[in-house]
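Please open the structure in a viewer and keep the selection panel at hand. The tour below proceeds by one selection at a time.

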Amino acid sequence: MPTIQKGMFAYFAEDPEAADKAVFDRESYPDRRGFLRGAGLATMGALLGAAIPFHRNMPAGLIPAALADAELLKGKEGLVLLNDRPINAETPPHLLDSPITTNEHFFVRNNGGIPANTDTDGWELMIDGLVDNPLKLSIANLKEQFEVVKLALVIECAGNGRFFFSPPPGGNQWTYGGVGCAYFTGVRLRDVLNKAGVKKEVVYTANVGADPHLSGDPHRLPISRGLNIEKAMAEDVLLAFEMNDTEIPVLNGRPLRLVVSGWPGSCSQKWLTRIWLRDVVHDGPKMGGTSYRVPRYPVAPGQDVPLEDFEIIERLPVKSLITNPATKSNVSGKSVEVRGHAWSGDRTIKSVDVSIDFGASWTTADLAAPVNFGAWQNWKKTVAFPQAGYYEIWSRATDSEGATQPSAIPWNPKGYLNNAIHRLAVNVA
Ligand SMILES: Nc1nc2c(c(=O)[nH]1)N[C@H]1C(S)=C(S)[C@@H](COP(=O)(O)O)O[C@H]1N2
Ligand SMILES: [Mo]
């Protein structure tokens, strides 16, 4: 029985012949152990709503494609699965239309597996390294010893928009939906760090979660990123134990996660168990090489860039998203209310402009203030179409420092930071 190290999707996309052989070659499964039969087969048939004529060819452990999303994304609604191992799923923009993203609609980006135990009771967070008093805190301790705050915060994967780069960088092919803004309840990381007493040599945090590495090796971490100590001390960086007034979904890091709004989502460590304070820039998995890093200078598409020329991504750039109407939808009537959100790491949004004539002219949308610093800002604008036909609706945000979304951004090797204006197509009847 071959071990499939990658997700089905990645495996089939990269090497369809080898994947096909590994998954479907009957010679590979001489003993047929683990194949569905009897009650299991009947149950599977019932779930799929039909018998499976070729069930004898179905490899053990294969999740029927029709069920893959439902099984892997329990508790999620309408997400598009980008990879099943590790689980990665994005939200179609029209499902991000509400001012605050619901737990069901919040995207999922995993680098490894999911911890077997995600119980609140017994969970321990360790604060150690270069501190005066190392701390071990339960979630109850966090609630008792520190001020509990609730903030709406944006988490966006730095690879959101990767799909649109050419030549295509490897990795999850996020289009628009690797982003969400939810209410997170927790305590400020800085209050906890101050209680531990940060030594003056500290320059970086090292964040550790409980998720297992896909290799199964218990000594390997799938990802361990950090924050420079200035950002770690920012007022809106939370250790969160609730999301939208309820438990954080397991897929989003229950029972404890960091939330670092406006910085690469990878800074928001899920299933958080340890923050280790260091006197060097943290060098955990996905801190080095090309991970969450971009070249210091513009490069040509496909260009090889020496590793020493990459720098760590910090704040994410200004961006907007159109959440109504849905792309490729039919609009009846002469006008539509265009709605969406806009955000910019560590900044606020000054204005959002909308165009229906391929950017020849722009009108300013009504823009709400953020519910708190770190939240995205909702905007809307009713636009009228002069006649029936094909239109593109474009949105472009400008932030408090005057930075505006470009029409396209230069290529980079891993396809990060795509903050090009959002474009969608509608047919006006
Ligand atoms: N422990 C752990 N934390 C993690 C990750 C992970 O794989 N493991 N992925 C990171 C990345 S790359 C992103 S974009 C965000 C996504 O958060 P979400 O899955 O709740 O949407 O979680 C971050 N925190
Ligand atoms: Mo990410």
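The stops that follow lead from the ligand to a sheet and then to three loops. The model shown here is predicted.

**Ligand 1 and its surroundings**

Begin by selecting ligand 1, which sits in the largest cavity. Next, display the residues around ligand 1, of which there are 18. Phe107, Asn111, Asp211, Arg257 and Lys270 come nearest among them. If the shell is coloured by residue class, it divides into seven nonpolar, seven polar and four charged residues.

Which atoms of the protein should be examined beside the ligand? Select Asp211 first: an N or O atom in its side chain is 2.6 Å from a nitrogen atom of ligand 1. Move on to Arg257, where a polar side-chain atom lies 2.6 Å from an oxygen atom of ligand 1. Then select Arg109 and show its backbone, since the contact here involves a backbone N or O atom, 2.9 Å from an oxygen atom of ligand 1. How much of ligand 1 does the protein bury? Taken alone, ligand 1 exposes 530 Å², and the protein buries 100% of that area.

**A sheet of five strands**

Now select strands 16, 23, 22, 18 and 19, which form an open sheet in the order 16-23-22-18-19. The pairing in this sheet is mixed. Which strands stand at the edges? They are strand 16 (329–331) and strand 19 (363–364); each has a single partner strand, so one side of each is left without a neighbour in the sheet.

Keep strand 16 in view and add strand 23, residues 422–428. These two strands pair in the parallel sense over three bridges. To see a bridge, select Ser329 together with Val426, its bridge partner in strand 23.

**Three loops**

From strand 16, step back to the loop between strand 15 (319–324) and strand 16, where Pro325 is found. A cis peptide bond joins Asn324 and Pro325, with omega of about 0 degrees.

Next, select Ser166 and Pro167, which are also joined by a cis peptide bond; here omega is about -5 degrees. Pro167 has its place in the loop between strand 6 (148–156) and strand 7 (179–188).

For the last stop, go to the loop between strand 12 (272–278) and strand 13 (293–295), and select Tyr292. Although Tyr292 is not a glycine, it has a positive phi of about 50 degrees.

How values were computed. Residues are numbered from 1 along each chain as its sequence is written. Chains are lettered from A and ligands numbered from 1 in the order in which they are written. This is a predicted model: local features need pLDDT of at least 70, side-chain atom pairs count only at pLDDT 80 or more; totals for chains, interfaces and linings use all residues. Side-chain values use heavy atoms; hydrogens and water are left out. A residue is near a molecule or strand if one of its heavy atoms lies within 4 Å of it. A polar contact is a pair of N or O atoms within 3.5 Å; within protein, one must be able to donate a hydrogen and the other to accept it, and residues adjacent in sequence count only if both atoms are side-chain atoms. Accessible areas come from the Shrake-Rupley method with a 1.4 Å probe; for residues, only the protein chains shown count as cover. On a 1 Å grid over the protein atoms alone, a cavity is a set of points where a 1.4 Å probe fits but cannot get out, and a pocket is an open set with protein on both sides within 12 Å along at least five of seven lines; lining residues have an atom within 4 Å of a point. A molecule sits in a cavity or pocket if more than half of its atoms lie within 2 Å of its grid points. Ala, Val, Leu, Ile, Met, Phe, Trp, Tyr, Cys and Pro count as nonpolar, Asp, Glu, Lys and Arg as charged, and the others, Gly among them, as polar. Two strands pair if DSSP finds at least two bridges between them. Helices (H or I, at least four residues) and strands (E, at least two) are DSSP runs, numbered from the N terminus.
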